[in-house]
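Here is a short briefing on one protein chain. It goes through a pocket, the helices and the strands.

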Amino acid sequence: MISTALFERAIAWAASAPRASELGAYRADFERRTGPIVSGAEDYEARIAHFFEQALCAPRGADRPRLIALFAAESAPSASERHELAGWLRSHRSLWRFEPSQGDVGRLYDRIGGARFLFKMGRADRQLRPGDCFDGRLVAIGPELFLSPGRVFHPQAALQSLQVLLSEAQARGMLDASLLDPLLGMRSRLLGFKSIRAEHVYRLDALDAEGLAAPWARPERRSPATSEHT
């Protein structure tokens, strides 16, 4: 199973000097792409866990090891911990659909890559329902796959529009991992504004800056209850 304590140690390491400034800059850029991570918001725990997984596991550019690899090199982990950290290093982020499962084995469909996976379900995974669609990571530890805790769900009301967007992206040859952050940005806008229909937000033509400034997303259309979260 995934060790929460080990990953929390990695987070604390990444948030300490001299890496704190890099982590802060990465968070600012990540929120620019995916929407603000607001303390106290209903989805805060999911968003911040997802952010730390991305910050630690994402590539950092040519000739720069991922932070999770640096943590493994500097923190003197045990043999079993090194084994798990190697799993995080190889982890696969995608857009997943949870499919009907049985017993301790869960089934996932990769909506970006098109493959299906079986994974070992833990207690938190029992909350998943068939049809749930979320951004998260699969972590390989030994011969088994595990679902990381940092998963961000796309709203049920957006799933039909999301399917249209993905189908159009596939037809245009644009269906790849570069869609993941913009999709989270669309999710943030849908949740942050009232009286907006999902099809007005989950649109392939909203990937450019002009699309993101569409009239229905202007500040004057916000409700007082949601303006501080957008």
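**Pocket, helices and strands**

The lining of the largest pocket is made up of 12 nonpolar, six charged and four polar residues. The model is a predicted one. The points below start from that pocket, then turn to two helices and to the paired strands.

**The largest pocket**

- The volume of the largest pocket is about 520 Å³.
- Its lining counts 22 residues, and those closest to the centre are Thr-4, Ala-124, Pro-149, Gly-150 and Arg-151.
- Helix 1, helix 3 and strand 5 (144–147) are the elements that each supply two or more lining residues.
- Helix 1 gives the most to this lining, with four residues.

**Helix 1**

- Leu-6, Phe-7, Ala-10, Ile-11, Trp-13 and Ala-14 are the buried residues of helix 1.
- Viewed down the helix axis, these buried residues fall within an arc of 160 degrees, so they line one face of helix 1.
- An α-helix has 3.6 residues a turn, so residues three or four places apart point the same way.
- The buried residues of helix 1 pack against four helices: helix 2 (20–34), helix 3, helix 4 and helix 5.

**Helix 4**

- Helix 4 covers residues 67–74, and its buried residues are Leu-67, Ile-68 and Phe-71.
- Those residues lie on the same side of helix 4, because they cover an arc of only 100 degrees around the axis.
- Their packing partners are helix 1 (4–14), helix 3 (44–57) and helix 5 (79–89).
- Ala-76 follows helix 4 and has a positive phi, near 50 degrees.

**Strand 2 and its two faces**

- Strand 2 spans residues 105–110, and its side chains alternate between two faces.
- Gly-106, Leu-108 and Asp-110 point to one face and are buried.
- Val-105, Arg-107 and Tyr-109 point to the other face and are not buried.

**Strand pairing**

- Strand 1 (residues 92–102) pairs with strand 2 in the antiparallel sense, over five bridges.
- One bridge in this pair links Arg-97 to Tyr-109 of strand 2.
- The hairpin of strand 1 and strand 2 has two residues between the strands, and Gly-103 takes a positive phi near 65 degrees there.
- Strand 2 also runs antiparallel to strand 3 (residues 116–120), with five bridges joining them.
- Here Arg-107 has Leu-118 of strand 3 as its bridge partner.
- Strand 2 and strand 3 form a hairpin with five residues between them. Gly-114, in the turn, has a positive phi of about 90 degrees.
- Strand 1 pairs with strand 4 (residues 133–141) as well, again antiparallel, over six bridges.
- In that pair, the bridge partner of Ser-94 is Gly-136 of strand 4.

Note on methods:
Residues are numbered from 1 along each chain as its sequence is written. This is a predicted model: local features need pLDDT of at least 70, side-chain atom pairs count only at pLDDT 80 or more; totals for chains, interfaces and linings use all residues. Side-chain values use heavy atoms; hydrogens and water are left out. Buried means under 20% relative accessible area, exposed over 50%, partly exposed in between (1.4 Å probe, protein chains only). The arc is that of the directions from the helix axis to the C-beta atoms. Contact means heavy atoms within 4.5 Å. On a 1 Å grid over the protein atoms alone, a cavity is a set of points where a 1.4 Å probe fits but cannot get out, and a pocket is an open set with protein on both sides within 12 Å along at least five of seven lines; lining residues have an atom within 4 Å of a point. Grid points are joined across faces, edges and corners, and a volume is the space filled by probe spheres set on the points. Ala, Val, Leu, Ile, Met, Phe, Trp, Tyr, Cys and Pro count as nonpolar, Asp, Glu, Lys and Arg as charged, and the others, Gly among them, as polar. Two strands pair if DSSP finds at least two bridges between them.
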